[in-house]
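Please look through the structure shown here and work through the questions below, which concern helix packing, nonpolar cores and one unusual backbone angle.

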Amino acid sequence: MVTKIDREKAKSAGYTDEQIDEYENLANQFSPTVMAKQQEPETQKLRSALQGTTFKFADEAEAYLRSVGGENYDTALKDIRAKLRDYEKSRPVESGLIEAGASIPVSVAMSYLTGGGSTAATSQSLFPTLAKVAGVGAVQGALTGAGGAEGDGYSRLVGGTVGAGTGAFLAPTTYLGMKGLGNVVLDPMIDFTRRKLGDRGAKIVETEVQRIQQQTGLEPDEIVSKIASGEILAENPNILGIVRAYASGGGDASRTIRDALTRRPTELRNKTVEQISNELSGGAEPNVLKKFSQSEIERTKARNALYTKAYDEGGVITEEMLNSLTDAMQRSPTSYELIAKLSQAQLKTKPFFTIDAAGEVTFIRPPTIRDMEIARRGLKADINRKYQSGEGDIAKELQPFEETLRGLIDKSAPAVGKARTQAASDKLTTNSFDAGKKAFAKSPDQVQVEFEELVSKNPEAVSAYRAGIMAQLRNKMSMGGRTSMMANLESIEAKEGQILRIIYPQDKVDDILKLAKVASQSQKASNKVLAGSDTAETLMESKKIGMDISPQEVASVFSGDAFTTLRVASKFVQKNAPNLSPEQKQQVARILVSEDPALVSNALRDQSGMAILQQRLQTIGNRLARTSGGLLTSPATTGLQNYLTR
C-alpha cells in the first residue's frame with residue numbers, strides 16, 4: 001500500500017513540496033508491503049541445484065561468466081553468495097533438498113568407482129569395497145569442502161581437508177549401515193517367505209550348492225562355462241575340503257564322489273594323450289615306435305625302387321667323370337677300403353679300379369653308373385669318418401671333390417640324383433625321430449633350436465621329430481610319473497610343458513593345454529580328496545554341510561568383523577539351514593560331479609519369482625548403500641564447515 005499526503009492541506013499548514021515528498025518516501029519505505037518484500041528474498045532454486053551438481057563451484061563459475069561480460073568478479077561473487085545465503089536462511093529445507101537432489105546423479109555416477117551394483121558380500125570383497133567407498137567419499141568431501149570454502153587458498157585447503165575426512169568416515173559408515181540393514185532384516189524376511197511358500201527340501205539342497213559355489217570364488221556363469229569345457233565342480237581347488245567331507249561321510253554321496261574322482265583322472269589323462277598322439281604322430285595307432293618302424297620299411301622299399309629304376313636307365317660314363325674320381329682317390333686313398341666293402345655288399349664283386357701304394361689308379365673294367373655311385377658313397381663315408389674322428393680339416397678339403405663327382409653323376413643320370421635326394425630326406429626323417437625320442441633329456445632351448453632347424457628343412461622331418469617326442473611321452477606315461485605328467489605338460493615352468501609349447505601345432509596348443517590342465521586338476525583333486533585320513537579341515541567342513549555359512553564368514557567373525565557377525569547370527573537364529581538328510585547329500589554330490597552344464601546351472605540359479613525379486617532388491621539395495629554415503633557427504637561437510645566457522 002502506497003502512502004499519499006493531501007498536498008493542499010499540508011501546504012496550508014506550512015509544509016513545502018520538498019518536505020511533503022520526503023515524508024511520503026519515508027512512509028512508503030516502512031510500509032508493511034515494502035517491509036514484506038524486503039524480508040522475502042528471491043528464490044535461488046537453479047543456483048542451489050547447480051551448487052549440488054558442481055560440488056559448490058557453480059557460484060564461482062557464474063561470477064566468472066559475469067566478469068567476462070564486464071562486471072567485477074569479486075562483486076558478482078559476493079552478490080551470488082549473498083543471495084544463496086539469504087535463500088538458505090529463509091527456506092532451509094527447500095534449498096537443502098534441491099541441492100541434495102541435484103547431487104544424486106553425481107553420487108550415483110561416482111558409486112560405479114566402488115563396484116557399482118555388485119551384490120558380493122563375502123569378507124574377501126567387503127574390505128576392498130569399503131576402501132573404495134571411503135576413497136570416493138573422501139574425494140566427494142574434499143571437492144565439496146574446497147568448493148564451499150570462502151576465502152583464500154588456505155581456506156580452501158582447510159575446507160578440502162575437513163571435507164575429505166568427513167567423506168572418508170561417513171561414506172563407509174553409511175555403506176555398512178545400509179548393508180547391515182539389508183542382510184539382517186530384508187534378506188532373512190525374503191528367505192523365510194521363500195521357504196514357507198516353496199519346496200523346503202529342494203531349497204535346502206539349492207542353498208548348500210550355492211554355499212559351495214560361493215566358496216569357489218566364481219560366479220555361476222563361470223562355473224557353468226568350466227563344466228562345459230570338461231571340468232566338474234568337485235575338482236575346483238577352492239572347495240576340496242568340502243568335497244572331502246562329502247567323500248568321507250559314507251553313504252551314496254560318498255560313493256558318488258569317490259567313483260567320479262577315481263574314474264576321471266585316468267579318463268582325462270588318456271584323452272589328453274590320445275589327442276596329443278593324434279597331432280604328433282598322425283593317427284590312432286597308439287604304438288608310435290611300431291608305426292614309425294612300419295613307415296621306415298615302406299620308405300626303404302620306395303627308395304630302393306627309385307635306385308633300381310635309375311640304375312636300369314643308366315648313364316654315360318664320361319672321361320671327366322673318371323678323371324674326377326681318380327683325383328679324389330689320390331687325395332683320399334683310405335676311402336678305397338669303404339668302396340670295396342660297398343661294392344662287395346651290393347654287387348658281390350670288387351671295385352672296377354685299383355689303387356696302389358703310390359696312389360696310382362688303374363681301371364680294370366668299364367664302370368657303370370651304379371659303380372660310380374658306389375665309389376662316390378665310399379668317398380662320402382670316408383669324409384664323414386674323418387669328421388667324426390677329429391680330422392675335420394682334412395674332411396673339409398676333400399668335400400669339394402665329392403661334390404664335383406656327385407654333380408657329374410647327376411648330370412649323366414638325373415634319376416640317380418633324384419633317388420639320392422630321397423635317400424637324404426629319409427635319413428633326415430630317421431634321425432629326426434631319434435632326436436625327438438631324446439628331447440626330454442635336453443633343455444627346452446636346445447629343443448627349440450633343433451625344431452626350428454627342422455621346420456626350415458623338411459615337413460616330414462618335423463613330423464618325425466614330433467613322433468619321436470610322442471614315443472618318449474608314451475614311455476613316460478607307462479612309468480610311475482604318469483600321474484604328474486599332466487601337471488608338467490600344462491605348466492609353463494616344467495620342462496615338459498615348455499617343450500610341448502615349442503613343438504605342438506601353434507593353432508592347437510591352447511586347446512591341448514586346457515585339456516591337460518583339466519586332467520591335472522582332476523588328478524590333484526583325486527589325490528586331495530581320496531588320499532590319507534580325515535584332517536581338521538575335513539571335520540570342520542563336515543559340520544558345516546547344509547549350513548548357509550561360508551568359511552570366509554567364520555574367519556571374519558573371529559577377526560572381529562561386526563558386519564559379518566550380524567549376518568551369521570541371523571542365520572543361526574532363524575535356523576534356515578539344518579543338516580542335510582542322506583538323500584539331500586546325494587543330490588548335492590550328484591551336482592558336484594555332474595558334467596552336464598544345464599543341470600549345474602539350474603542348481604546354481606533359483607529362477608523362482610521370489611528369488612528374482614530378492615536378487616533385484618539386493619542389487620538396488622547395494623546401489624543405495626554405495627550411493628548414500630556420497631549423498632550424505634555433501635550436506636555433512638557443509639554443516640561441519642558452518643559449525644567450525646561460526
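Q: How are helix H15 and helix H20 oriented to each other, roughly parallel or roughly antiparallel?
A: In this predicted model, helix H15 (residues 288-313) and helix H20 (residues 414-437) pack with their axes 8 Å apart and at an angle of about 165°. Angles over 145 degrees count as roughly antiparallel. H15 is therefore, relative to H20, roughly antiparallel.

Q: How many nonpolar residues does the contact of H15 with H20 have?
A: The residues of H15 that meet H20 include Phe 292, Leu 306 and Tyr 307, and among those in H20 are Val 416, Ala 419 and Phe 433. Charged residues take part as well, including Arg 299 and Arg 303 in H15 and Asp 426 in H20. By class, the contact has seven charged residues, three polar ones and, as the number asked for, 12 nonpolar.

Q: What is the handedness of the crossing of H22 and H24?
A: The axes of helix H22 (residues 459-477) and helix H24 (residues 495-503) come within 11 Å and cross at roughly 150°, and the two helices are therefore roughly antiparallel to each other. The contact is made by Tyr 465, Arg 466, Ile 469 and Lys 476 of H22 together with Glu 496, Ile 499 and Ile 503 of H24, which divide into four nonpolar, no polar and three charged residues. The crossing of H22 and H24 is left-handed.

Q: Which helix supplies the largest share of the largest nonpolar core?
A: This core has 38 residues, of which Ile 276, Tyr 465, Leu 473, Leu 489, Ile 503 and Ile 512 touch the most other members. Several helices each supply at least two of its residues, among them H14 (251-280), H21 (444-455) and H25 (509-530). The largest share, 10 residues, comes from H22.

Q: Which residues of H22 does Ile 503 touch?
A: Leaving aside residues up to four places away in sequence, Ile 503 touches Leu 280, Val 447 and Phe 451, as well as Tyr 465, Arg 466 and Ile 469. The last three also take part in the contact of H22 with H24. The residues of H22 asked for are Tyr 465, Arg 466 and Ile 469.

Q: Is Lys 348 buried or exposed?
A: Lys 348 lies in the loop between helix H17 (335-347) and strand S1 (353-355), and has a positive phi of about 60° although it is not a glycine. Most residues other than glycine have a negative phi. With a relative accessible area of 72%, Lys 348 is exposed.

Key: Residues are numbered from 1 along each chain as its sequence is written. This is a predicted model: local features need pLDDT of at least 70, side-chain atom pairs count only at pLDDT 80 or more; totals for chains, interfaces and linings use all residues. Side-chain values use heavy atoms; hydrogens and water are left out. Axes are lines fitted to C-alpha atoms, for helices over the stretch in contact, and angles run from 0 to 180 degrees between N-to-C directions. Helices (H or I, at least four residues) and strands (E, at least two) are DSSP runs, numbered from the N terminus. Angles under 35 degrees count as roughly parallel, over 145 as roughly antiparallel, 65 to 115 as roughly perpendicular and the rest as oblique. A crossing is left-handed if the near helix is turned anticlockwise from the far one by less than a right angle, and right-handed if clockwise. Contact means heavy atoms within 4.5 Å. Ala, Val, Leu, Ile, Met, Phe, Trp, Tyr, Cys and Pro count as nonpolar, Asp, Glu, Lys and Arg as charged, and the others, Gly among them, as polar. A nonpolar core is a set of buried Ala, Val, Leu, Ile, Met, Phe, Trp, Tyr and Cys residues joined through side-chain atoms within 4.5 Å. Buried means under 20% relative accessible area, exposed over 50%, partly exposed in between (1.4 Å probe, protein chains only).
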